Amino acid sequence: MDQYIEFISNHPFMVAAWVLTLVMFLLFERSKAGKAVTPAQATQLINKDDAIIVDIRPKKEWATGHITNAKHIPLSDLDRRMDELTKFKERPIIVVCNLGQAAGTATRKLKAAGFEKAVRLSGGMTEWKGQSLPIIK
């Protein structure tokens, strides 16, 4: 630990540049994932704008519980099953995964396919369950 402190004190500009690069990288990756909505915002989109929920988790995770009326399209099948969502192009689509990270990939794919209102659920099902919001099995 003393070596780290010594290195940081001897090379403050290099450490600052590394930290800045890391922060910029994380912000860039986060922005590529598309807009995120909180569970409260997702609930509002579902109730007011008739949003569609697309759960991209694997079948095993889906079976542990999912949001009511969610469509189960695993991420590995999304490209092949995209046509199932075509009739919902004008409605908001909320993409749900376990932690909210894989949903960014699916959101990018949906936006590229013309689903302009696609968003991801921030924190995924972990956050949804953490806020004691309803799930069905």
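Here are a few notes on the sheet, two helices and one arginine of this predicted model.

1. Let's start with the sheet. Five strands make up an open sheet with parallel pairing, in the order E1-E5-E4-E2-E3. E1 and strand E3 (71-72) are the edge strands, each pairing on one side only.

2. Within that sheet, E4 and E5 pair in the parallel sense over three bridges. If you want a place to look, Ile94 has Val119 in E5 as its bridge partner. Helix H6 (residues 102-112) lies across E4 and E5, and runs at about 175° to E5.

3. Helix H3 (residues 39-49) is worth a turn of the viewer. Pro39, Ala42 and Leu45 are buried there; they sit on the same side of H3 because they cover an arc of only 115° around the axis. In general, an α-helix has 3.6 residues a turn, so residues three or four places apart point the same way. On the other side of H3, Ala40, Asn47 and Lys48 are exposed.

4. What do the buried residues of H3 pack against? Their partners are strand E1 (36-37), strand E4 (93-96), strand E5 (118-121) and helix H7 (124-130). Just after H3 comes Asp50, with a positive phi near 55°.

5. Finally, do have a look at Arg57, in the loop between strand E2 (52-55) and helix H4 (59-62). Arg57 counts as buried because its relative accessibility is 2%, under the 20% cut-off. Its side chain makes a polar contact of 2.8 Å with that of Asp55. Leaving aside residues up to four places away in sequence, Arg57 touches Trp62, Thr64, Gly65, His66, His72, Pro74, Val96, Cys97, Asn98 and Met125.

Note on methods:
Residues numbered from 1 in each chain as written. Predicted model: local features only at pLDDT ≥ 70, side-chain atom pairs only at ≥ 80, totals over all residues. Heavy atoms only, no water. Helix = DSSP H or I, 4+ residues; strand = E, 2+ residues; numbered from the N terminus. Buried < 20%, exposed > 50% of the residue type's maximum accessible area, 1.4 Å probe, protein only. Polar contact = N/O pair within 3.5 Å; in protein donor to acceptor, adjacent residues only side chain to side chain. Contact = heavy atoms within 4.5 Å. Arc of directions from axis to C-beta. Pairing = 2+ DSSP bridges. Axes fitted to C-alpha atoms, helices over the stretch in contact; angles between N-to-C directions.
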